[in-house]
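Me: I would like to go through this model by question and answer, with the reasoning set out before each result. Please take the sequence and structure shown here as the starting point.

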Amino acid sequence: MERSMHLTVNGKQTTLITDPSRSLLDVLREELHLTGTKYGCGKSECGACTVMIGDEAVRSCYEDVGDVKDRAITTIEGLSSGETLHAVQEAFLAEGALQCGYCTPGMIMRTVGLLTVDPRPSDEKIISWMNPNICRCGAYPKIMNAIRRASRLMSEVTSK
Amino acid sequence: MTAKLFLKTSSSARERAIFSPGKDGEAGDVGSIVDAAGCSQAEKGPLEARSSFQTEPKTLLGGTPVNPSAGAEGPEFDPSRRLFLQMLGAGLVITVLPDVSPGQRRSGGSGPAATVGARLQINRQGVVTVLTGKVEEGQGARAELTQAAAQELRLPVEQVRMVMADTDLVPNDGITAGSRTTPVNVPSVRKAAATARELLKGLAARAWQVDPKTLTVRDGVITQRQGGQTLSYADLARSQDLAEVFKAQIPADVTLTEVAPGDVLGRSVPRPNGRDLVTGRHQYPRDKTAPNMLYGKILRPPSYGATLLAIDLTPARALPGVRVVREGQFVGCVAPSTFRATEALKAIAKTATWKEVPAPSSQALYAHLKRNARPGRRPREHQRGSLDTGFAEATKVLTESYRVAYVQHAPMEPRSATAQWTGDKLTVWTGTDNPHRVRADLARSLGISHEQVRLIVPDMGGGFGGKHSGEAALEAVRLARAVGQPVAVQWTRTEEFTWAYFRPAALIECKAGVNAEGGLCAWDFTNINAGGSALEPPYAIPHSRARTLGSDGPLRQGAYRGLAATANNFARESFIDELAAAAGRDPLAFRRSHLNNERVRVVLEKAVKEFNWEERSQRITPELGVGLACGTEKNSVVATCAEVAIDRRRGRIKVLHVAEAFECGPIINPANLESQVQGCIAMGLGGILREAMAFDKGAILNPSFGKYQVARFEDMPTIDVHLVANHKIPAAGGGETPLIAIAPAVANAVAAATGVRIRSMPMRPELHRLRVRS
């Protein structure tokens with residue numbers, strides 16, 4: 001059954017009429033045209049669709065849109081401010097931490113989630129935290145470097 | 001028959017992709033290709049196999065087919081200047097147009113660009129746009145080809161743009177496969193760019209009435225030594241003369257610049273559109289939309305080869321906004337959202353009845369391959385000396401067989417396509433390695449001319465040899481034509497795991513003899529079903545035979561990163577360790593005494609030195625092993641050392657450290673090559689540890705990332721990549737061969753520690769053999 005609902009995405013509120021059991025991923029991509037968030041599996045098994053809901057990294061393919069309608073959602077498009085990249089985006093670019101780049105938005109969002117709860121993660125913590133996200137190109141070593149770099153970048157900013 | 005149609009469609013597309021002209025000797029690798037209906041192409045004539053993409057052309061879309069060769073008589077389409085400008089976006093003024101004569105750019109079957117203008121453009125800001133039919137899928141072609149142009153044009157890379165894989169704009173550079181971009185397309189772009197540079201110098205020389213030899217070029221500015229006069233590419237692009245001179249043919253014997261240290265070729269140039277990737281701005285094939293676009297879902301059979309007997313379409317038609325398309329066995333639902341289309345498809349799928357056909361299961365796979373082994377369509381056989389003589393000399397003879405499972409590419413972006421008809425003109429955005437071929441196939445299927453189809457491949461989300469075909473494109477096109485609106489077809493992960501093709505499974509039978517001196521004297525090696533890449537050993541063996549046999553592969557088989565080189569090298573390098581042990585010799589010493597490939601020797605020595613092999617191989621325990629392997633394929637060489645920890649109580653293994661040395665000639669982009677090597681190691685680890693398609697009764701049992709487990713963060717060892725540059729040969733590709741030595745290195749490490757030899761890729765089904773009761 002379709003219903004009218006408000007969604008807050010990247011600081012903007014939109015009203016849409018849709019079935020509340022539709023996935024957040026579908027709504028982001030097909031209704032709001034925010035295609036930076038990727039479909040990888042539809043079963044919460046690869047992390048390509050990761051977005052932030054509040055301070056939490058969440059797989060948008062597994063969230064019913066009706067359950068997140070009152071929450072603040074951030075997608076990859078909302079991470080940078082204008083032309084200024086988020087530190088995690090900067091770090092991924094600087095380390096060349098991508099190949100095809102399709103998993104990258106999900107990797108970046110999950111990293112943002114990690115650094116929100118643990119600004120200086122150990123390598124072990126990074127590995128266990130990031131493990132739900134798949135990079136089939138196998139850019140893992142450089143993604144590890146990017147996460148370490150982002151952690152440094154962000155702690156430099158906060159210590160200033 | 002949908003299933004049959006679909007399968008034939010894809011298998012022939014795959015076949016053409018792989019057998020397309022201009023490829024190196026990989027064709028033999030698919031000698032045993034069999035479609036999923038169990039119907040061997042070896043039994044079909046080549047023409048039949050090749051034409052099967054056009055199955056039911058008359059009914060496919062309800063259109064009237066025209067003579068495929070009558071392209072020139074088809075509706076006029078002018079790949080106009082306007083279109084080209086739109087494509088490149090505002091702010092870019094193109095003053096030189098690509099040569100649009102059908103004989104060159106648009107023939108679909110011709111080679112690379114013949115004229116300078118068909119390969120590159122210069123705008124009034126001096127920005128060069130390079131046109132290429134190659135596809136970017138993470139392997140780094142965009143950066144490499146940018147570097148190639150920048151090198152010869154003496155330009156900063158920021159002043160070079162790439163237009164890739166848009167069939168209305170780019171030359172036909174063939175399929176992106178076989179590690180061919182580096183050896184073939186980097187030189188072809190360099191030749192065009194070098195020719196352009198000389199033409200530009202010629203224009204300046206003419207303007208100044210001087211000898212072009214007196215001119216120098218730097219950063220896109222031409223300078224005359226004496227007079228101190230300068231003209232930039234931007235200045236010259238404003239003149240009408242440039243368009244004229246860029247009609248020149250690219251000579252075959254253009255002199256290329258000698259690449260010096262510090263040049264752009266050799267530098268770690270990052271992905272040119274990297275910023276769009278980290279911001280989500282880049283539109284992958286799956287992200288392309290068109291006005292009034294709808295989403296389509298296709299009805300899939302419950303098993304390979306099943307035939308639809310009956311279906312009730314009314315439950316879907318009752319849903320708001322849903323339209324149902326049925327053309328024989330092809331059934332699809334189209335709706336304003338994927339959600340609604342999926343809902344509709346589920347509603348009718350419940351009502352479908354099917355006739356299914358028997359099919360072998362993965363449990364019985366190797367027995368099935370063995371039972372059906374027979375000469376393949378493109379057999380390979382290398383023979384030296386006499387096996388009888390060789391085995392008569394042997395004091396020890398070993399006979400073993402190795403098994404390699406079906407695996408899938410599983411690129412992060414599953415197949416997808418968006419199709420838009422504008423009058424008689426069709427535009428399709430899709431992810432394929434073979435844009436011109438898929439365009440031609442679509443045109444033929446639709447009975448329209450090539451010129452009516454514009455196929456665009458935006459930088460896509462991975463391929464690994466798995467996207468040589470255009471299934472989703474054909475599906476989207478059929479639906480779009482039926483409903484008269486643009487349609488996107490986006491495969492689910494389950495569809496990708498089920499209906500894409502697979503790397504062929506292999507049963508490899510090995511027999512070899514060692515003489516009294518501990519030397520290899522006889523070698524008999526047979527790959528059943530997977531093909532002939534890297535079939536020959538890089539070892540001196542006086543009496544040897546290495547050959548391929550075809551079989552009746554139960555799944556749809558196709559290309560893969562590294563092709564059969566992975567299977568052949570796994571068997572060979574594992575077997576070499578077994579033979580070394582039988583001869584009472586150390587695996588490194590055994591290899592050193594037999595290697596007859598100097599390039600392999602160099603990387604092997606590099607890897608063992610960096611890994612500290614001599615010392616670490618002395619410290620092996622039942623819980624900690626080291627193994628090594630080497631190999632060569634596609635004119636590149638690799639050697640890998642691995643350290644593996646073994647949990648004997650639980651029967652688990654963890655790869656701790658990998659050192660890999662790789663050489664593919666001069667290095668064009670070190671950072672990108674390093675990424676390729678790391679990526680190959682990750683993919684190779686998935687293959688040796690866990691990846692295997694499970695199937696029964698024509699259905700895939702593990703079509704998800706939860707059940708088909710690729711390498712993740714926690715699987716990654718410490719990886720040391722050692723790139724070896726070799727300036728004695730032209731640059732070869734590096735995206736595949738780094739994959740072929742990791743599996744045997746891991747298997748050898750496990751055997752060295754435990755004494756248990758696992759002759760299976762993946763190892764997981766046999767890991768229980770490592771368990772010891774404490």
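**Loops, helix pairs and empty space**

Reply: In this predicted model, Pro666(B) sits in the loop that joins β23 (652-663) to α22 of chain B.

Me: Leaving aside its neighbours within four places in sequence, which residues is Pro666(B) in contact with?

Reply: One partner, Asn726(B), is 60 residues away from Pro666(B) in sequence, yet the two C-alpha atoms are 5.1 Å apart in space. Once the neighbours within four places in sequence are set aside, the residues in contact with Pro666(B) are Asn726(B), His727(B), Ile729(B), Pro730(B) and Ala731(B).

Me: Which elements give two or more residues to the lining of the largest cavity, and which of them gives the most?

Reply: The structure holds 9 cavities of 30 Å³ or more, and the largest cavity has a volume of about 620 Å³. Its lining takes two or more residues from each of α1 (2-19), α6 (141-153), α7 (181-208) and α22 (670-689), which belong to chain B. With 3 residues, the element that gives the most to this lining is α22(B).

Me: How do the lining residues of the largest cavity divide by class?

Reply: The largest cavity is lined by 43 residues, and those nearest its centre are Gln139(B), Ser179(B), Gln676(B), Gly735(B) and Glu736(B). Divided by class, the lining of the largest cavity comes to 17 nonpolar, 18 polar and 8 charged residues.

Me: Which element gives the most residues to the lining of the second largest pocket?

Reply: The second largest pocket encloses about 1,200 Å³ of space, and among the 47 residues of its lining, Tyr39(A), Lys297(B), Thr342(B), Lys346(B) and Thr492(B) lie nearest the centre. The elements that give two or more residues to this lining are α1 (24-31) of chain A and, from chain B, β7 (294-298), α12 (338-349), α17 (493-499) and β25 (699-700). By class, the lining of the second largest pocket has 19 nonpolar, 13 polar and 15 charged residues. The element that gives the most, with 7 residues, is α12(B).

Me: Are α19(B) and α20(B) roughly parallel or roughly antiparallel?

Reply: The axes of α19 (residues 587-594) and α20 (residues 598-611) of chain B come within 11 Å and cross at roughly 160°. An angle over 145 degrees counts as roughly antiparallel, so α19(B) and α20(B) are roughly antiparallel.

Me: Which residues make that contact between α19(B) and α20(B)?

Reply: α19(B) passes α20(B) in a left-handed crossing, and the residues of their contact divide into 3 nonpolar, no polar and 4 charged. From α19(B) come Leu588(B), Arg591(B) and Arg592(B), and from α20(B) come Arg601(B), Leu604(B), Glu605(B) and Val608(B).

Me: Is the crossing of α3(A) and α4(A) left-handed or right-handed?

Reply: Helices α3 (residues 104-117) and α4 (residues 123-130) of chain A pack at an angle of about 130°, with their axes 10 Å apart, and are therefore oblique to each other. The crossing of α3(A) and α4(A) is right-handed.

Me: Where is the residue that has a positive phi although it is not a glycine, and which peptide bond is cis?

Reply: Most residues other than glycine have a negative phi, and most peptide bonds are trans. Ala410(B), with a positive phi of about 50°, lies in the loop between β13 (396-404) and β14 (416-422) of chain B. Pro762(B) is found in the segment after β27 (760-761) of chain B, and the cis peptide bond, with omega near 0°, runs from Met761(B) to Pro762(B).

Methods
Residues are numbered from 1 along each chain as its sequence is written. Chains are lettered from A and ligands numbered from 1 in the order in which they are written. This is a predicted model: local features need pLDDT of at least 70, side-chain atom pairs count only at pLDDT 80 or more; totals for chains, interfaces and linings use all residues. Side-chain values use heavy atoms; hydrogens and water are left out. On a 1 Å grid over the protein atoms alone, a cavity is a set of points where a 1.4 Å probe fits but cannot get out, and a pocket is an open set with protein on both sides within 12 Å along at least five of seven lines; lining residues have an atom within 4 Å of a point. Grid points are joined across faces, edges and corners, and a volume is the space filled by probe spheres set on the points. Helices (H or I, at least four residues) and strands (E, at least two) are DSSP runs, numbered from the N terminus. Ala, Val, Leu, Ile, Met, Phe, Trp, Tyr, Cys and Pro count as nonpolar, Asp, Glu, Lys and Arg as charged, and the others, Gly among them, as polar. Axes are lines fitted to C-alpha atoms, for helices over the stretch in contact, and angles run from 0 to 180 degrees between N-to-C directions. Angles under 35 degrees count as roughly parallel, over 145 as roughly antiparallel, 65 to 115 as roughly perpendicular and the rest as oblique. A crossing is left-handed if the near helix is turned anticlockwise from the far one by less than a right angle, and right-handed if clockwise. Contact means heavy atoms within 4.5 Å.
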